[in-house]
Amino acid sequence: MTADQQKIVQYLNEAHASERALVRVLQSQIAMTPSGSYRSVLETHLRETHRHADHVGLRLRALGQGGNPVQAVAGAVESVVGQALALGKTPLDLLRGSGGDEKILKNAKDTCATEGLEIATYTAIERLAKQVGDDETAQLATSIREDEQRMLERVLREIPKLTDAVVRAEVHDDPSYDVTKTGAADAVRDAGHAAQKRTKQTTATARRTARRARKVPGVARAEGQIKGAVASESDLAIARYDSLTADEIVSRLGDLSQIDLAKVDSYERRHQDRTTILSRITSLRGDEPWAGYDELTAAEVTRALSDADEERAGKVRSYERAHKNRAGVLKAADRELTHA
Ligand SMILES: [Fe+2]
């Protein structure tokens, strides 16, 4: 195999890994997105991503590269997500309210970044394949690249609406992200009728959605791990990462959320793989008082604490002290501990 062909195989493997990881990410996003136009975009994107993964996988096999180690890595990333889905235990009420709309907008922005990355990857594959006369790979890359560009356009068209929802939620205190409420409201709007029967059905669907959504925050860390697997230095929460010493990085890890820690972990493993950094991350991660904690505002944590038991309040206090150290949260935790 020539060096060019090896490069093609390498890029196809990268593309395959990111399509497969994206399948899981999209599944978890669908679970937390109320019905409506953005949810349909996500569902189309998921079907398309499955197809891309299959086609790229077939092409790799045709090139005699079916059992490449990179695919094993993708499998591992997937199982991390699966595990997180199984373990997620966050109460639904934590997902309701102001945080949800913001999270959906953030997911949409991340999707744009992922699509941009995929477009670049397929453009490179297209170029190389043409140069070595591998027409079949070139055609595949062209058609997937065109799908990705259309998908990026579609997601970009959703951003203004998702932004409006954040403003409604945060400025006007009218969150659309009350899953049970919104699922019903959206469907009624879409149908153009407020028929009661329809509303009842939708409420049942919304309840199912809500049950699935409950599992979502546990996915944050796995999502970070996936994003880290394709992240570049500038995507990390620590600026100028590559130019810092291990000690400098270690001193900054405490401020990071679980998702950002997972990104750094994944990035570090792919690059310098320094033990001091990785073991500090291990000691910082996984001890969130509950899955999804890092994504909550101080007000949301305080609200969740109001019916917490002593053990949970204690967990919050020690975790909060070691991480964000927000005065409001610490006060609320102390109050619960004194009353308990
Ligand atoms: Fe794709």
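Analyst: A residue is called buried if 20 or more other C-beta atoms, placed from the backbone, lie within 10 Å of its own C-beta atom, exposed if there are 12 or fewer, and partly exposed in between. Asn325, with 11 C-beta neighbours inside 10 Å, therefore counts as exposed. This is a predicted model, in which local features need pLDDT of at least 70 and side-chain atom pairs count only at pLDDT 80 or more, while totals for chains, interfaces and linings use all residues. Residues are numbered from 1 along each chain as its sequence is written.

User: Where does Asn325 lie, and what is the value of its phi?

Analyst: Most residues other than glycine have a negative phi. Asn325 departs from that pattern with a positive phi near 55°, and its place is in the loop between helix H13 (310–322) and helix H14 (327–339); helices here are DSSP runs of H or I with at least four residues, strands are runs of E with at least two, and both are numbered from the N terminus. Arg240 also has a positive phi, of about 50°, although it is not a glycine. Arg240 is found in the loop between helix H8 (219–230) and helix H9 (246–252), and it is exposed because it has 10 other C-beta atoms within 10 Å.

User: How many helices and strands does the protein chain have, and what percentage of its residues is buried?

Analyst: The secondary structure comes to 14 helices and zero strands, so that reading from the N terminus on gives an α element at every place in the order. Of the 340 residues in the protein chain, 42% are buried. As for contacts, which need C-beta atoms, placed from the backbone, within 7 Å of each other, 76% of those between residues at least 6 apart in sequence join residues at least 24 apart.

User: Which residues have the most contacts inside the largest nonpolar core, and which elements give two or more residues to it?

Analyst: In soluble globular proteins, nonpolar side chains tend to be buried together. A nonpolar core is a set of buried Ala, Val, Leu, Ile, Met, Phe, Trp, Tyr and Cys residues joined through C-beta atoms within 7 Å. The largest one here has 16 residues, and those with the most contacts inside it are Leu105, Ala108, Leu162 and Val166. Helix H1 (3–32), helix H2 (37–62), helix H4 (98–131) and helix H5 (135–170) each give two or more residues to this core, and the largest share, six residues, comes from H5. Ala108 touches Tyr38, Val155, Glu158, Ile159 and Leu162, leaving aside residues up to four places away in sequence. A second, separate core of 15 residues includes Ile8, Leu60, Ile125 and Leu128.

User: Is Thr137, which has its place in helix H5, buried or exposed, and which residues does it touch?

Analyst: Thr137 is buried, because 25 other C-beta atoms lie within 10 Å. Not counting residues up to four places away in sequence, Thr137 touches Ile8, Arg59, Ile125 and Ala129. The C-alpha atoms of Thr137 and Leu63 are separated by 9.6 Å, although these residues are 74 apart along the chain.

User: At what angle do H10 and H11 pack, and which residues make the contact?

Analyst: Two packed helices are described by the angle between their axes and the distance between the axes. Axes are lines fitted to C-alpha atoms, for helices over the stretch in contact, with angles from 0 to 180 degrees between N-to-C directions; angles under 35 degrees count as roughly parallel, over 145 as roughly antiparallel, 65 to 115 as roughly perpendicular, and the rest as oblique. Helix H10 (residues 258–270) and helix H11 (residues 275–284) pack at about 155° with their axes 10 Å apart, and are therefore roughly antiparallel. The contact is made by Leu261, Val264, Asp265 and Glu268 of H10 and by Ile277, Leu278, Ile281 and Leu284 of H11.

User: How do H13 and H12 each cross H14?

Analyst: The axes of H13 and H14 come within 9 Å and cross at roughly 150°, which makes H13 roughly antiparallel to H14. The axes of helix H12 (residues 298–305) and H14 also come within 9 Å, but cross at roughly 5°, so H12 and H14 are roughly parallel to each other. On this second contact, Ala298, Val301, Thr302 and Leu305 of H12 meet Gly328, Val329, Ala332, Ala333 and Glu336 of H14.

Definitions and conventions:
Contact = placed C-beta atoms within 7 Å.
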